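Reader: Could you take me through one part of this model up close? I'd like to look at the nonpolar core and how the aromatic rings sit together.

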Amino acid sequence: MLETAQRWARFKRDPRAAWAAYVALAVLLIALPFVTDWMLGRTWVRIVAFALLYIMLALGLNIVVGYAGLLDLGYVAFFAVGAYLYALLASPHFGLHLPFWLLMPLCAAIACIFGVLLGAPTLRLRGDYLAIVTLGFGEIIRIFLNNLNAPVNITNGPQGVNLIDPIRLGDFSLAQPHSIAGIAVPSVYNYYYLFLALALAVIFVSIRLENSRIGRAWVAIREDEVAAAAMGINTRNVKLLAFAMGASFGGISGGLFSGFQGFVSPESFTVIESIMILCMVVLGGMGHIPGVALGSVLLVVLPEALRYLGPLQQALFGRVLADPADLRLLVFGLALVLVMQLRPSGLWPSKIRRREFSAQGEEARHERESVYDAAR
């Protein structure tokens, strides 16, 4: 065991091994849609593209929850703002068809403004009170989108907005198949590679933020806001910046979702979506970028994989004993409960979080032992 640990430590210190791992990961990500299409079918390539989209969403919420320690249950509102902004400005609804390169910064900027509007009134709130207010904010946005069709039709109400322009990069339309170097690239592959590039950009920005002075200020506020203020950190501005940065990532993801789907409606932005994105952050490991990415992939892929429970029952028992939809949610919820019981710090926590939970576990164990001793 000790020899294995020593080999792993030497491997991590070797820059050649690190570069080899990066190259292998790059090759895997480039070849992933082809392998997935060959093994599982074209539908799973679309699911993988959605997983990349949710990685961007979860990393935005990770800034608010994981770094700054602010519980946000209305994060889907920023997702909705970006999606509807793209849909309204790139569809026949208003007769506008703005280009993609202009819409993406606009989605990020407008969502950022909404993030500040949410953060400003909630600066003095913490814990459950902050969660309730943010939850209400997310529902207010959804209700507005559902009812802003009279007396002036702005959002088309519950019918949603359709015929949204597909994403175009100049003359290159992602909605059409292309041939590159003699290799046929279907349209869903185009979206996968765009989402992959933007997800890597979001990861890079998150890493830079985590290692910056602002990132350390967020962590200080998460650990003890009073102590952070006493050390000279402007907690108001730093918390507003966390809401703004997280919201901008959500706005970008919403715009990509709108261009990918070609249709948006208020039903896509319910509170369940906010809870699911929060589960991605908590399940993977709050404040840890690889863990958040892992949690996002698992919570997108696992529910889809559990859809095969119906055919599996048919093959094993000759008939379907339980409704696959209900059974899928039951198994999914059971898996979440088991993970939280066995790995409360997340599937891939950061070193700091791992030490915190181990220290809490030791403290709880000592408390239990003292109670048992007193009882004896």
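**Inside the core**

Author: Sure. The largest nonpolar core has 91 residues, and Tyr-86, Phe-195 and Leu-256 are those with the most contacts inside it. Helix α3 (residues 42–67) supplies the largest share of this core, with 20 residues. Keep in mind that this is a predicted model.

Let's zoom in on Tyr-86. Setting aside its neighbours within four places in sequence, Tyr-86 touches a string of residues, among them Phe-100, Leu-103, Met-104 and Cys-107. Its contacts also include Ile-164, Asp-165, Pro-166 and Ile-167, and then Gly-255, Ser-258 and Gly-259.

Now for the rings. A pair of aromatic rings is described by the distance of the centres and the angle of the planes. The count here comes to 14 aromatic pairs. One of them joins Phe-79 and Phe-257, which form a tilted pair with 5.2 Å centre to centre and 55° between the planes. This pair ties together distant parts of the chain: Phe-79 belongs to helix α4 (residues 76–89) and Phe-257 to helix α10 (residues 235–261), 178 residues apart. Why do we call Phe-79 buried? Because its relative accessibility is 1%, and buried means under 20%. Phe-257 is buried as well, with a relative accessible area of 8%.

Another pair to pull up is Tyr-192 with Tyr-193, which is edge-to-face, at 5.2 Å centre to centre with 75° between the planes. Tyr-192 is buried, since its relative accessible area is 1%, whereas Tyr-193 has 26% relative accessibility and so counts as partly exposed.

If you'd like a set of rings to highlight together, there is one aromatic cluster formed by Phe-50, Phe-79, Tyr-84, Tyr-191, Phe-195, Phe-257, Phe-260 and Phe-269. You'll recognise Phe-79 and Phe-257 from the tilted pair, and Phe-195 from the residues with the most contacts inside the core.

One last thing for your viewer is a helix packing. Two packed helices are described by the angle between their axes and the distance between the axes. For helix α11 (residues 271–284) and helix α14 (residues 324–342), the axes come within 11 Å and cross at roughly 35°. The crossing of α11 past α14 is left-handed. On the α11 side the contact is made by Met-276, Val-282 and Leu-283, and on the α14 side by Phe-332, Leu-336, Val-339 and Met-340. Sorted by class, that contact has 7 nonpolar residues, no polar ones and no charged ones.

Key. Residues numbered from 1 in each chain as written. Predicted model: local features only at pLDDT ≥ 70, side-chain atom pairs only at ≥ 80, totals over all residues. Heavy atoms only, no water. Core = buried A, V, L, I, M, F, W, Y, C linked by side-chain atoms within 4.5 Å. Buried < 20%, exposed > 50% of the residue type's maximum accessible area, 1.4 Å probe, protein only. Helix = DSSP H or I, 4+ residues; strand = E, 2+ residues; numbered from the N terminus. Contact = heavy atoms within 4.5 Å. Axes fitted to C-alpha atoms, helices over the stretch in contact; angles between N-to-C directions. Left-handed = near helix turned anticlockwise from the far one by under 90°. Nonpolar A, V, L, I, M, F, W, Y, C, P; charged D, E, K, R; others polar. Phe/Tyr/Trp six-rings, centres within 6.5 Å; stacked < 30°, edge-to-face > 60°.
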